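Please open the structure in your viewer and keep the selection tool at hand, since each stop on this tour begins with something to pick.

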Amino acid sequence: PSARTTAMVQISDATLDTLREVMGPVCGVLSCIMYGSSLPVVQTIVQRRSVGEFSYFPYFVQTCHTTLWTAYCIAIYDGGKMFWPLLTNAMGLALAASSFAIYASFCCAAQRSSLCKRCSLPLGCVVLLAAFTVAHDE
């Protein structure tokens, strides 16, 4: 059987194929767990009916990150090679955008005004870039 030597370790092609098949689902589950890490904070915000001292930044960055990754995966889907990154980032986008929206809905007026001033332009740029990427895929 064929084998490859990588970093001083000899791995058969069959083993490499198995690793490739396992990595997508395993990384997908771990990514979804990571994106779900916002849920306890969101639960606290809802219970308190206030964002308190929690920062918007993690939910904002996750929303931007997963928006761009989802668009990228759609653009280069390549017959399913990007299935797992697309699935996990789409799920991450749903969780992150929901967390961000819930955060914004429980801000006081001054916090919401500051949030809009800080996030509108970058988020608009991200959405435009994502739309451009998807519209111009090959």
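The stops below go from helix to loop to core, with a selection to make at each one. Bear in mind throughout that this is a predicted model.

**Helix α1**

Begin by selecting residues 13-35, which make up helix α1, and then show the side chains of arginine 20 and aspartate 17, which form a salt bridge whose closest N and O atoms are 3.2 Å apart. Both residues belong to this helix and are three residues apart, about one turn of the helix. Aspartate 17 counts as partly exposed because its relative accessibility is 41%, which lies between the limits of 20% for buried and 50% for exposed.

Staying with the surface, add Val22, Val26, Val29, Leu30 and Ile33 to the selection, and you will have a nonpolar patch with about 450 Å² of accessible area together. Leucine 30, one of the residues in this patch, has a relative accessible area of 51% and is therefore exposed.

**Two loops with positive phi**

Move next to arginine 49, in the loop between α2 (39-48) and α3, and check its backbone: phi is near 60°, a positive value in a residue other than glycine. Most residues other than glycine have a negative phi. The relative accessibility of arginine 49 is 61%, so this residue counts as exposed.

Then select aspartate 78, which is found in the loop between α3 and α4 and which also has a positive phi, in this case near 50°. With a relative accessible area of 51%, aspartate 78 is exposed. Now bring in lysine 81, which forms a salt bridge with aspartate 78, the closest N and O atoms being 3.6 Å apart. Lysine 81 is exposed as well, at a relative accessible area of 66%. How many salt bridges does the structure hold? There are two, and you have now visited the one between arginine 20 and aspartate 17 and the one between lysine 81 and aspartate 78.

**Threonine 67 in helix α3**

Select threonine 67, whose place is in helix α3 (residues 57-75). Is this residue buried or exposed? Threonine 67 counts as buried because its relative accessibility is 14%, under the 20% limit. A polar atom of its side chain lies 2.6 Å from the backbone oxygen of threonine 63, so it is worth displaying the backbone of threonine 63 beside the side chain of threonine 67. Leaving aside neighbours within four places in sequence, threonine 67 is in contact with Leu93, Val126 and Ala130.

**The largest nonpolar core**

For the next selection, take Val51, Tyr56, Phe60, Phe100, Tyr103, Leu115 and Cys119, which have the most contacts inside the largest nonpolar core, a set of 14 residues. The elements that give two or more residues to this core are α3, α4 and α5 (109-135). In soluble globular proteins, nonpolar side chains tend to be buried together. Centre the view on leucine 115, which, not counting residues up to four places away in sequence, touches Tyr56, Phe100, Tyr103, Ala104, Cys107 and Ser120.

**Helix α4**

Finish with alanine 94, located in helix α4 (residues 83-105). Alanine 94 counts as partly exposed because its relative accessibility is 45%. If you draw a distance between the C-alpha atoms of alanine 94 and isoleucine 76, which are 18 residues apart along the chain, the separation is 21 Å.

Key
Residues are numbered from 1 along each chain as its sequence is written. This is a predicted model: local features need pLDDT of at least 70, side-chain atom pairs count only at pLDDT 80 or more; totals for chains, interfaces and linings use all residues. Side-chain values use heavy atoms; hydrogens and water are left out. Helices (H or I, at least four residues) and strands (E, at least two) are DSSP runs, numbered from the N terminus. Buried means under 20% relative accessible area, exposed over 50%, partly exposed in between (1.4 Å probe, protein chains only). Patches are made of residues with over 30% relative accessible area and no salt bridge: like charges are joined within 9 Å, nonpolar side chains (Val, Leu, Ile, Met, Phe, Trp, Tyr) within 5 Å. Accessible areas come from the Shrake-Rupley method with a 1.4 Å probe; for residues, only the protein chains shown count as cover. A salt bridge is a side-chain nitrogen of Lys or Arg within 4 Å of a carboxyl oxygen of Asp or Glu. A polar contact is a pair of N or O atoms within 3.5 Å; within protein, one must be able to donate a hydrogen and the other to accept it, and residues adjacent in sequence count only if both atoms are side-chain atoms. Contact means heavy atoms within 4.5 Å. A nonpolar core is a set of buried Ala, Val, Leu, Ile, Met, Phe, Trp, Tyr and Cys residues joined through side-chain atoms within 4.5 Å.
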